[in-house]
Number of protein chains: 2
Amino acid sequence: MNILKNNDTQTDILPSWRDGHTKESILRFVERVTTEGRVGFVSPVERIAVFDNDGTLWSEKPFYFQLAFALDRVKALAVQHPDWQEQQPFKAVLADDLAGVLSGGMKALVDIIVATHAGNTTDEFEEIVSTWLSNARHPDSGRLYTEMVFQPMLELLDFLQANDFRTYIASGGGIEFMRAWVEDVYSIPPEQVIGSTIETRFEMRNSGPVLVRIPKVDFVDDHEGKPVGIHKFIGRRPILAFGNSDGDHQMFQWTAAGDGLRFIGIVHHTDPEREWAYDRDSPVGRLDKALDEAREKGWTVVDMKRDWKIVYPHEASRR
Amino acid sequence: MNILKNNDTQTDILPSWRDGHTKESILRFVERVTTEGRVGFVSPVERIAVFDNDGTLWSEKPFYFQLAFALDRVKALAVQHPDWQEQQPFKAVLADDLAGVLSGGMKALVDIIVATHAGNTTDEFEEIVSTWLSNARHPDSGRLYTEMVFQPMLELLDFLQANDFRTYIASGGGIEFMRAWVEDVYSIPPEQVIGSTIETRFEMRNSGPVLVRIPKVDFVDDHEGKPVGIHKFIGRRPILAFGNSDGDHQMFQWTAAGDGLRFIGIVHHTDPEREWAYDRDSPVGRLDKALDEAREKGWTVVDMKRDWKIVYPHEASRR
């Protein structure tokens, strides 16, 4: 394994991953595709790796962190929208009635996203997200959301980047929401972030040109949308895909169907002590059909409880 | 200037550009943004350069080469569409009546593009474009279309790439049409191609998953669409933009409005002998408002006749 490159000054590769089948399967794949002259070698330009974000690189419970942002934005914007006091789903948000919000189904969520993610310029929106992330706290852990990223996955991103992979995010979350912080946290530059978008419009103002965010959904990068978005943005088929839910299933299938060696990884949330445990019955991050196909096809399923020495960076002293 | 890097084995930088103000302005800009410690230095990750394609990197007369492809496809597909014999704009295409096609305006062109660019998988479409480009000949020059790229612009791309710029295409043309050949011709990888798109749909077939091209326009990457597409795909503002028409005007404005040094370049078609001469009155590649703003703001206008020793690669012996 000494041919593998490691960005870290530590000599250990993937130090937060316990030795065993899962870690071995990752190391073996990277060794194969990076060993020149060996069957399975992949040239650096083709080393495309795609990662889902929510539930794969950071936690997603009790609900998507971007939804927490949106709910906080409803409260911040309520003074400008007196009608929201009587209008669902906003009324439920303002009353902290999450069950009431969710009872409105997908339509309620889209109404909330659109109302809270549009109406400003792209520069203003980035600033709003950054400010929120510097202050907002997770309701259970009390930590910053950006502290709730998975240390083993940070090490995996780092390890792949050191081996000339280009690591992309392919997330159902909003591109602009993610771009505000993923470069700092994951070392993934903005041009390697694929996600859902609302429309933007070019406007020439007295102060100069701006891009204005319009309250209209442009593209939903989830389920069937993931391979569509990956193909549109990258134009190459990934050789590695990592996700955690049925929303990633078509991305897995698209990636696995390419010629040559492919790696499909699934983060299985099995750890109610350190994180959460959920799969087939969870409304957020449901993992059902993709788990069946993973077992059938021999894809790598990460057992969070068994395979990870620590979950979050702040536990590093316990590793 | 000896700090500037040149990919070429030739010692001369930009050998097909005549010495003078235009070449100087390019060299001076690249020197400034790449000289560490100097005011104006730009870190390599922020060195984003965007190039229009039609009329900027290759010719676009007598009409866009992608339209030539579409017209040939109408003829190839006509046997499957007997109704086209009596249905406009297809009837006009089949009768080689270009004036008749153009009399249908934008709607006729969209009908032709949609009919000829959809209905197959992304893999099939790439194959169709590649085959066409290997065989089709330009009506005036008799050359392959990919031989009608501008040698001075190839040198500029090469020079910027050697100085750690990431060179993107931002074209009104179709992403998938361009991706089939631009990596070979311009050394621009598929993930650095931004353009217009039709919708695609993920489908699971017995043979495996495919992406099917749907006869529906998804995004038009022209005029106001260019900064929108650039922001969506890259998420950073370019520091250099090169184009040739009013379709690039908003891209110029968006690029120029960033902080720090910016370079805006316009290819002005002034050479009726070696290429074509056109600007304010041309239906294809009209250059009017952007030319006025270029003069007002001091953007760099390339005078093709004066500034380029040769236009196409096949003239290289004449340089």
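This passage describes the salt bridges of a predicted model, from the overall count to individual pairs.

Side chains of opposite charge can pair when their charged atoms come close. In the present model, 40 salt bridges were found over all chains. A few of them are worth a visit in turn.

In chain A, a salt bridge links the side chains of Arg201(A) and Glu203(A), with an N to O distance of 3.1 Å. Arg201(A) has a relative accessibility of 44% and is therefore classed as partly exposed, given that this class lies between 20% and 50%. Its partner Glu203(A), at 25% relative accessibility, is likewise partly exposed.

Chain B offers a pair within a helix. Glu176(B) is joined to Arg179(B) by a salt bridge in which the closest N and O atoms are 3.9 Å apart. Helix H8 of chain B, spanning residues 175-179, holds both Glu176(B) and Arg179(B), and the two are three residues apart, about one turn of the helix. As for their surroundings, both Glu176(B) and Arg179(B) are buried.

A further salt bridge in chain B connects Arg280(B) with Asp288(B), and here the closest N and O atoms are 2.6 Å apart. Arg280(B) is partly exposed, its relative accessible area being 26%; Asp288(B), with 24%, is partly exposed too.

Salt bridges can also be chained together through shared partners: one network formed in this way brings together Glu46(A), Arg166(A) and Arg236(A) with Glu183(B) and Glu191(B).

Terms used: Residues numbered from 1 in each chain as written. Chains lettered and ligands numbered in written order. Predicted model: local features only at pLDDT ≥ 70, side-chain atom pairs only at ≥ 80, totals over all residues. Heavy atoms only, no water. Salt bridge = Lys/Arg side-chain N within 4 Å of Asp/Glu carboxyl O. Buried < 20%, exposed > 50% of the residue type's maximum accessible area, 1.4 Å probe, protein only. Helix = DSSP H or I, 4+ residues; strand = E, 2+ residues; numbered from the N terminus.
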